[in-house]
There are 2 protein chains.
Amino acid sequence: MSTDHLKSVLKNHNLRVTDCRIDVMEYFLDEKSALSQGDLESKLTGYDRVTLYRTLNNFLESGILHKIPNESGSATYGLCHDTCSPEGHMDNHMHFKCNRCGQIECLDKKTVPEVSLPTGYQVESVNLIVDGVCVKCA
Amino acid sequence: MSTDHLKSVLKNHNLRVTDCRIDVMEYFLDEKSALSQGDLESKLTGYDRVTLYRTLNNFLESGILHKIPNESGSATYGLCHDTCSPEGHMDNHMHFKCNRCGQIECLDKKTVPEVSLPTGYQVESVNLIVDGVCVKCA
DNA sequence: ATAGTTTATGCAACTTAATTGCATTTACTG
DNA sequence: CAGTAAATGCAATTAAGTTGCATAAACTAT
């Protein structure tokens, strides 16, 4: 993934091109798995905690990242598809959490099955999180 | 739900019967919705924060409560079925989070559909979280 | 290119959640 | 009811999340 492409992604989302944002995007692309604020702090030591925090929030609002529900108590983020926008996330793919290595993956290819709810409930989005053992740890 | 019954639930899970544990269990039974550490602190003011924290953890290990994945950053807990045990949770029901009132419900009656994963992945548990508008807020 | 404007960053500070150690109290067992 | 094992409260620490503000950097329009 070239830096030029990353810059255009930022511009397409009406975000200014900064070193921090480029680095954060590259980190997500390299890792492929979901990342937390703490992961960024460990890896991207040149930036302030608050800057990373705000970068995550900007990406979230812009539709570059989505938040993945988890049990750990700290927020986890994954890269969005191209189809995501500030107006709405199309991130109804499954998430897989490995109980051995702890990594959270987005299974982009797997769509979430239709769910039926009791009458009166209005569905807005569906999140499916599967726990188990990933390919690497099996 | 009588206090006697609650006591036997605790004993069945090899937990000593204490006021705090009884009160926490009653609170969960009254509320019916999922609760967080903060909820307990607001309601059960007579107990130390740490005691409530450890009560939640004990209930989690014993299979009385299960943790519900969420995006908020603070852990949320729901009552387990009778079928849960320290050896394994059978909490594969759906969870519903209302985007208006914020409450998280366990939809016990709705089981999670079977999921198929890419080859090499081993499934241990499945969590389905539906966001939308609940009956009360609709 | 550059001056002017808007936005991002770093720093300080604060709030809340999660967590651990230890002394004391309480619940169970015989 | 005495002895033991576990639960509680208190103090203290770590980490996550959050905000305000001054400065620095990125963009825009000459």
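Of the atoms of DNA strand D within 4 Å of the protein, what share belongs to sugar or phosphate, and what share to bases? Keep that in mind as you start. One caution before clicking around: this is a predicted model.

**Stop 1: DNA strand D**

Select DNA strand D and show everything within 4 Å of it. Sugar or phosphate accounts for 61% of the strand's atoms in that range, and bases make up the rest. On the protein side, 19 residues surround the strand. Label the closest ones: Val17(A) from chain A, then Thr18(B), Arg21(B), Thr51(B) and Arg54(B) from chain B. If you colour this surface by residue class, you'll get seven nonpolar, five polar and seven charged residues.

**Stop 2: three side chains at the DNA**

Stay here and show side chains. Begin with Arg49(A): one of its polar side-chain atoms sits 2.9 Å from a base oxygen of DNA strand D. Next pick Tyr53(A), where a polar side-chain atom is 2.9 Å from an oxygen too, but this one belongs to a phosphate of strand D. Then hop across to chain B and pick Thr51(B), which has a side-chain N or O atom 2.6 Å from a phosphate oxygen of the strand.

Now switch to cartoon. Two or more residues of this surface come from each of helix 4 (49-62) of chain A, helix 2 (19-31) of chain B and helix 4 (49-62) of chain B. Helix 4 of chain A is the top contributor, with four residues.

**Stop 3: where chain B meets chain A**

Hide the DNA and select the residues of the two chains that touch each other. You should have 37 residues of chain B in contact with 37 of chain A. How much area do chain B and chain A bury between them? About 3,100 Å², with 58% of it on carbon and sulfur atoms. Highlight Glu71(B), Tyr121(B) and Gln122(B): together they supply 19% of the area chain B buries against chain A, more than any other three residues.

Looking for salt bridges between the two chains? The count is zero. Polar contacts are another matter, with 15 residue pairs between chain B and chain A.

Colour chain B by element next. Its side facing chain A takes two or more residues from each of strand 2 (65-68), strand 4 (93-98), strand 5 (104-111) and strand 6 (122-133). Strand 6 of chain B has the largest share, twelve residues. By class, that side of chain B divides into 20 nonpolar, eleven polar and six charged residues.

**Stop 4: strand 6 against strand 6**

Select residues 122-133 in both chains. Strand 6 of chain A and strand 6 of chain B pair antiparallel, over eleven bridges. Two positions make handy landmarks: Asn127(A) has Ile129(B) as its bridge partner, and Asp131(A) stands opposite Ser125(B).

Then add strand 4 (residues 93-98) of chain A. Here the pairing with strand 6 of chain A is parallel, over five bridges. To find the register, look for Phe96(A) opposite Val130(A).

**Stop 5: a three-stranded sheet in chain A**

Last, isolate strands 1, 2 and 3 of chain A. They form an open antiparallel sheet in the order 1-3-2. Strand 1 (35-36) and strand 2 (65-68) are the edges, each pairing on one side only. Zoom in on strand 1 and strand 3 (residues 76-79), which pair in the antiparallel sense over two bridges. Finish on Ser36(A), which stands opposite Thr76(A) in strand 3.

Conventions: Residues numbered from 1 in each chain as written. Chains lettered and ligands numbered in written order. Predicted model: local features only at pLDDT ≥ 70, side-chain atom pairs only at ≥ 80, totals over all residues. Heavy atoms only, no water. Near = heavy atom within 4 Å. Polar contact = N/O pair within 3.5 Å; in protein donor to acceptor, adjacent residues only side chain to side chain. Nonpolar A, V, L, I, M, F, W, Y, C, P; charged D, E, K, R; others polar. Contact = heavy atoms within 4.5 Å. Buried area = accessible area lost by both parts, 1.4 Å probe. Salt bridge = Lys/Arg side-chain N within 4 Å of Asp/Glu carboxyl O. Pairing = 2+ DSSP bridges.
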